[in-house]
Amino acid sequence: MHASRRENSPDRLTAARGRVPCPRAPFGAYGDEIVYTGHGGRDPNTGQQVADQQFIRGNAALARNKVAGLPVRVIRGAQLDSPYAPEQGYRYDGLYYVDEYWEETGKSGFKVWRYRLVRNDSVHRPPLKAGQEPALPPERRRTTTMRVVRDTEMSRRVKEIYDYACQVCGVRLETRAGAYAEGAHIKPLGAPHHGPDTEGNILCLCPNHHVLMDNGAITLSDDCRVLGLSGEPELKVKHELRLEYIQYHREHFGVLTGA
Ligand SMILES: [Zn+2]
């Protein structure tokens with residue numbers, strides 16, 4: 001599809017609302033989950049990574065898609081080194097959501113941005129008859145949130161320790177169904193981070209501070225100060241946190257803090 005202007009790109013990502021040009025970034029072999037590498041910092045002739053990737057343009061736009069809950073279109077090309085590559089040409093593979101993004105040092109020694117994309121099930125919705133409109137107006141559909149909060153037995157235990165009060169701001173949300181807080185894994189669960197579901201890796205946070213933490217707007221210092229908030233307040237700590245997970249978060253998710 002529309003492949004004529006980018007014959008050299010093994011794959012492309014196109015934001016559902018506007019294009020995100022991402023040449024040469026390899027897809028991981030996850031099928032419904034893709035780990036996608038951002039763009040920039042590559043030598044145009046050799047394709048080698050020769051500089052850090054910046055959090056600008058397409059890289060920033062993909063992160064924005066996560067925060068806004070907007071999908072990206074995934075198009076795989078035949079040149080791609082992946083079991084999911086089409087035999088030839090390009091293939092539209094449906095809508096994916098940006099589940100998570102982080103920065104890490106690639107094999108080249110330079111910083112790269114990575115994005116985990118998760119396939120959207122609604123691509124299997126039945127097609128509408130010609131001339132028919134969807135039942136929900138577009139404004140309504142755009143408000144759909146894609147935030148999935150993974151609650152585990154262990155995160156419930158941590159929330160009990162804090163009586164559902166946020167470790168950053170102390171807010172305790174009361175709902176008709178009881179108190180509400182979120183268990184935030186400092187080093188995320190799942191590939192490729194493989195953070196553990198243990199008390200030392202879980203914080204009890206309000207939804208606001210959970211979102212800020214997941215998106216690198218706040219992170220923690222080694223002595224549990226909240227970086228990214230004015231005055232860098234102390235995290236309220238009543239259970240033992242593992243330093244290695246805090247450092248992992250700061251390194252991979254907290255890099256924009258103070259930049
Ligand atoms: Zn909070």
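**Figure 1. Pairing of strands β8 and β9 in the predicted model.** Strand β8, which spans residues 182–185, is joined to β9 by four bridges, and the two strands run antiparallel. Within this pair, glutamate 182 of the chain stands opposite leucine 205 in β9. The coordinates shown here and in the legends that follow belong to a predicted model. Strand β9 is covered on both of its faces, with Ile202 and Cys204 buried on one side and Leu203 and Leu205 buried on the other.

**Figure 2. The largest nonpolar core and the elements that supply it.** This core holds 20 residues, and those that touch the most other members are Cys166, Ala184, Leu203, Cys204 and Leu205. The elements that contribute two or more residues to the core are β9 (202–205) and α5 (243–252), and β9 provides the largest share, namely four residues. As a general tendency, nonpolar side chains in soluble globular proteins are buried together.

**Figure 3. The surroundings of cysteine 166 and a separate second core.** When residues up to four places away in sequence are left aside, cysteine 166 touches Val171, Ala181, Cys204, Leu205, Cys206 and His209. A second core, separate from the one that contains cysteine 166, comprises 18 residues, and among them are Tyr36, Val72, Val74 and Tyr96.

**Figure 4. Helix α4 and its buried face.** Helix α4 covers residues 207–214, and its buried residues are His209, His210, Met213 and Asp214. Seen down the axis of α4, these buried residues fall within an arc of 135 degrees, so they line one face of the helix. In general, an α-helix has 3.6 residues a turn, so residues three or four places apart point the same way. The cover over the buried residues of α4 includes β8 and β9. Just after α4, glycine 216 adopts a positive phi of about 75 degrees.

**Figure 5. Strand β5 between its partners β2 and β4.** Strand β2 (residues 33–37) pairs with strand β5 (residues 111–119) in the antiparallel sense, over five bridges, while nine bridges join β5 to strand β4 (residues 90–105), which also runs antiparallel to β5. Tyrosine 115 of β5 is a useful residue on which to centre this view: tyrosine 115 is the bridge partner of tyrosine 36, and tyrosine 101 likewise stands opposite tyrosine 115. The hairpin of β4 and β5 has five residues between the strands, and in this hairpin glycine 109 takes a positive phi near 90 degrees.

**Figure 6. Two residues other than glycine with positive phi.** Most residues other than glycine have a negative phi. Arginine 57, although not a glycine, has a positive phi of about 40 degrees, and arginine 57 lies in helix α1, which spans residues 57–68. Arginine 57 counts as partly exposed because 14 C-beta neighbours lie inside 10 Å. Glutamate 232, which is also a residue other than glycine, has a positive phi near 40 degrees and lies in the loop between β11 (226–227) and α5. Glutamate 232 is partly exposed because 16 other C-beta atoms lie within 10 Å.

**Figure 7. Glutamine 247 of helix α5 and leucine 220.** Glutamine 247 is a residue of helix α5, and its C-alpha atom is separated by 7.9 Å from that of leucine 220, although the two residues are 27 residues apart along the chain. Glutamine 247 is partly exposed, because 17 other C-beta atoms lie within 10 Å.

**Figure 8. The whole chain and the confidence of the prediction.** The protein chain contains five helices and eleven strands, and of its 259 residues 30% count as buried. Among contacts between residues at least 6 apart in sequence, 56% join residues at least 24 apart. The average pLDDT over the chain is 79, and 76% of the residues score at least 70. Over residues 1–11 the pLDDT is below 50, and this stretch has 19 contacts in the model beyond near neighbours in sequence. Residues 136–146 also have a pLDDT under 50, and for these residues the model has five contacts beyond four places in sequence.

Terms used:
Residues are numbered from 1 along each chain as its sequence is written. This is a predicted model: local features need pLDDT of at least 70, side-chain atom pairs count only at pLDDT 80 or more; totals for chains, interfaces and linings use all residues. Two strands pair if DSSP finds at least two bridges between them. A nonpolar core is a set of buried Ala, Val, Leu, Ile, Met, Phe, Trp, Tyr and Cys residues joined through C-beta atoms within 7 Å. A residue is buried if 20 or more other C-beta atoms lie within 10 Å of its own, exposed if 12 or fewer, and partly exposed in between; C-beta atoms are placed from the backbone. Two residues are in contact if their C-beta atoms, placed from the backbone, lie within 7 Å. pLDDT is the predictor's confidence in each residue, from 0 to 100. The arc is that of the directions from the helix axis to the C-beta atoms.
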